[in-house]
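Trainee: I would like to learn how to read a protein model that is new to me, one feature at a time. Could you guide me through it?

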Amino acid sequence: MIDKLRPVHPDMALSKSVVWLNEQLQLANERLLVMDCRPPELYESSHIDAAINVAIPGIMLRRLKKGNLPIRSLFTRGEDRDTFARRCGSDTVILYDEGSAEWNENTGGESVLGLLMKRLKDEGCKAFYLEDEARGKKCGVLVHCLAGISRSVTVTVAYLMQKLNLSMNDAYDIVKMKKSNISPNFNFMGQLLDFERTLGLTSPCDNRVPPQQLYFSSPGNQNVFKVDSLHS
């Protein structure tokens with residue numbers, strides 16, 4: 001019973017934080033292997049620097065679960081296969097996908113990330129998944145830029161599009177509803193349209209308010225930022 005009350009040793013944890021990963025990337029850690037478990041189209045649109053993509057069709061997940069599919073065969077690019085084979089036994093392996101925050105050892109076994117985590121752990125690899133700390137703790141995230149009307153808005157709209165499968169217009173309307181003075185520049189709007197096509201969001205979706213708390217900020221008097229909840 002006492003053992004259950006003891007804190008988990010960092011080396012036994014299943015996840016690593018975004019802060020930890022950023023520190024490792026800043027240090028140019030050469031013993032770090034980052035694996036992006038999202039579909040190829042999302043990987044091509046954006047990914048963590050130096051990450052290699054591993055994604056398979058759903059029909060092949062059963063073979064992976066049974067152990068009939070070597071992990072090395074999941075990589076479409078030859079250089080990625082060689083990188084994995086050369087480094088998986090010695091490097092720290094970090095996996096991430098679009099749902100890392102909801103993944104855990106008991107419920108995430110059917111996803112590509114979950115199956116890979118289990119296989120890598122069984123083979124003695126030092127494998128961890130990237131924790132989305134804010135969503136995992138159900139807390140708010142402050143997104144800001146210098147003026148709070150263009151860059152931060154673009155990032156927020158893109159996030160809502162991907163997480164809630166919203167069209168650009170629907171995601172934009174949600175942000176506009178909470179912050180009336182938004183004004184992303186034309187270049188950013190063009191990038192959001194490209195992102196919409198990448199996500200396959202060709203038709204408008206119903207506006208849906210996300211279950212997690214979201215916040216928006218805008219500069220007020222004396223450069224003090226006002227924090228506003230989406231649910232208020």
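Mentor: What follows is a conversation that moves from the whole chain to its strands, its cores and one loop residue. Please keep in mind throughout that this is a predicted model.

Trainee: Then let me begin with the whole: how many helices and strands are there in the chain?

Mentor: The chain contains ten helices and seven strands, and of its 232 residues, 40% count as buried. The chain exposes about 14000 Å², of which carbon and sulfur atoms supply 53%. If you consider the contacts with a separation of 6 or more, residues 24 or more positions apart account for 63% of them.

Trainee: When I turn to a strand such as S2, what should I look for on its faces?

Mentor: The general idea is that in a regular strand the side chains alternate between the two faces of the sheet. In strand S2, which spans residues 32-36, Leu 32, Val 34 and Asp 36 lie on one side, Leu 33 and Met 35 lie on the other, and all of them are buried. S2 is therefore mostly covered, because buried means under 20% relative accessible area and five of its five residues are buried.

Trainee: Which strands pair with S2, and in what sense do they run?

Mentor: S2 and S4 run parallel and are joined by five bridges, with Leu 32 partnered by Thr 92 and Leu 33 standing opposite Val 93. S2 also pairs in the parallel sense with strand S3, residues 52-53, over two bridges, and there Met 35 stands opposite Ile 52.

Trainee: Is S4 enclosed or open, and which strand besides S2 does S4 pair with?

Mentor: S4 is largely enclosed by the rest of the structure, because five of its five residues are buried. Thr 92, Ile 94 and Tyr 96 are buried on one side, while Val 93 and Leu 95 are buried on the other. S4 pairs with S5 in the parallel sense over four bridges, and Thr 92 stands opposite Lys 126 of S5.

Trainee: How should I read a nonpolar core, and which residues have the most contacts inside the largest one?

Mentor: In soluble globular proteins, nonpolar side chains tend to be buried together. Here the largest nonpolar core has 25 residues, and those with the most contacts inside it are Met 35, Leu 74, Phe 84, Leu 95, Leu 116 and Leu 120. The elements that give two or more residues to this core are strand S2, helix H4 (61-66), strand S4 (92-96), helix H6 (112-122) and strand S5 (126-131), and the largest share, six residues, comes from H6. A second, separate core has 16 residues, including Val 157, Met 161, Leu 166 and Phe 195.

Trainee: What does Met 35 touch, once residues up to four places away in sequence are not counted?

Mentor: Among the residues that Met 35 touches on that count are Ile 52, Val 54, Phe 75, Phe 84, Val 93, Leu 95 and Leu 116.

Trainee: Finally, where does Pro 184 lie, and is Pro 184 buried or exposed?

Mentor: Pro 184 lies in the loop between helix H9 (168-178) and helix H10 (186-199), and Pro 184 counts as buried because its relative accessible area is 10%. Pro 184 and Ser 150 are 34 residues apart in sequence, and their C-alpha atoms are 3.9 Å apart in space. Leaving aside residues up to four places away in sequence, Pro 184 touches Ile 149, Ser 150, Val 153, Thr 154, Tyr 172 and Met 189.

Key: Residues are numbered from 1 along each chain as its sequence is written. This is a predicted model: local features need pLDDT of at least 70, side-chain atom pairs count only at pLDDT 80 or more; totals for chains, interfaces and linings use all residues. Side-chain values use heavy atoms; hydrogens and water are left out. A nonpolar core is a set of buried Ala, Val, Leu, Ile, Met, Phe, Trp, Tyr and Cys residues joined through side-chain atoms within 4.5 Å. Buried means under 20% relative accessible area, exposed over 50%, partly exposed in between (1.4 Å probe, protein chains only). Contact means heavy atoms within 4.5 Å. Accessible areas come from the Shrake-Rupley method with a 1.4 Å probe; for residues, only the protein chains shown count as cover. Two strands pair if DSSP finds at least two bridges between them.
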